[in-house]
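Work through the following exercises with the sequence and the model open side by side. Each task is followed by a solution that proceeds in steps.

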Amino acid sequence: MKILAFVAGAMVLASGASAAGIDSRAYSCAALHSLVATNGFVFIGQPFGDFIVANISYCADSGSMLLQRRSVATVDQPECLVNYCMDRPIDGRVD
């Protein structure tokens, strides 16, 4: 989660609008994927409230993190699958 805090701070300094994040519902699923591929990560303020990433390298301490596929609503799809960083469970199970 350290890198996410760093990324959030960088976004605040970079632009007031981007600090608030984007609304995934304003993008098509393909456009959202393109935005993530171009930037490596995107903060979705509405309705998700977290970062989505291009790959595991954008997660803090990649060795203790997992990529989880989650869905966010986009203008063309109610469930657009995106990558989300999550902590690896202590017991190794991913439910």
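**Exercise 1.** Over the ring of which residue does the charged end of Arg70 sit?

*Solution.* In this predicted model, the charged end of Arg70 is placed over the ring of Tyr84, at 3.8 Å from the centre of that ring.

**Exercise 2.** Determine how the rings of Phe41 and Tyr58 are arranged, and state which parts of the chain they tie together.

*Solution.* Begin with the general principle that two aromatic rings are described as a pair by the distance of their centres and the angle of their planes. The structure holds three aromatic pairs. For Phe41 and Tyr58, the centres are 6.1 Å apart and the planes stand at 50°, so this pair is tilted. Next, locate the partners: Phe41 belongs to strand β2, whereas Tyr58 lies in the loop between β3 (50-53) and β4 (65-72), so the pair ties together parts that are 17 residues apart in sequence. Finally, consider accessibility, where Phe41, with a relative accessible area of 22%, is partly exposed, and Tyr58, at 30%, is partly exposed as well.

**Exercise 3.** Classify the pair formed by the rings of Phe43 and Phe51, and decide whether Phe51 is buried or exposed.

*Solution.* The ring centres of Phe43 and Phe51 lie 5.0 Å apart with the planes at 65°. Since planes over 60 degrees apart count as edge-to-face, the pair of Phe43 and Phe51 is edge-to-face. Phe51 has a relative accessibility of 6%, and because buried means under 20%, Phe51 counts as buried. As a last step, place these rings in their wider setting: Phe41, Phe43, Phe51 and Tyr58 form one aromatic cluster.

**Exercise 4.** Describe the surroundings of Gln46, setting aside residues up to four places away in sequence.

*Solution.* Gln46 is found in strand β2, which covers residues 41-46, and with a relative accessible area of 47% Gln46 is partly exposed. Gln46 touches Ile22, Asp23, Ser24 and Arg25. For one of these contacts, Arg25, the separation from Gln46 is 21 residues in sequence, while the C-alpha to C-alpha distance is 7.9 Å.

**Exercise 5.** Which elements of the protein chain have the lowest and the highest mean pLDDT?

*Solution.* Start with the protein chain as a whole, which averages a pLDDT of 79, with 73% of the residues scoring at least 70. Among its elements, helix α1 (residues 2-14) has the lowest mean pLDDT, 46, and helix α3 (residues 29-39) the highest, 97. Over residues 1-18 the pLDDT is below 50, and this stretch has 19 contacts in the model beyond near neighbours in sequence.

Methods: Residues numbered from 1 in each chain as written. Predicted model: local features only at pLDDT ≥ 70, side-chain atom pairs only at ≥ 80, totals over all residues. Heavy atoms only, no water. Helix = DSSP H or I, 4+ residues; strand = E, 2+ residues; numbered from the N terminus. Buried < 20%, exposed > 50% of the residue type's maximum accessible area, 1.4 Å probe, protein only. Contact = heavy atoms within 4.5 Å. Phe/Tyr/Trp six-rings, centres within 6.5 Å; stacked < 30°, edge-to-face > 60°. Lys NZ or Arg CZ within 6 Å of the ring centre and 35° of its normal. pLDDT = per-residue confidence, 0-100.
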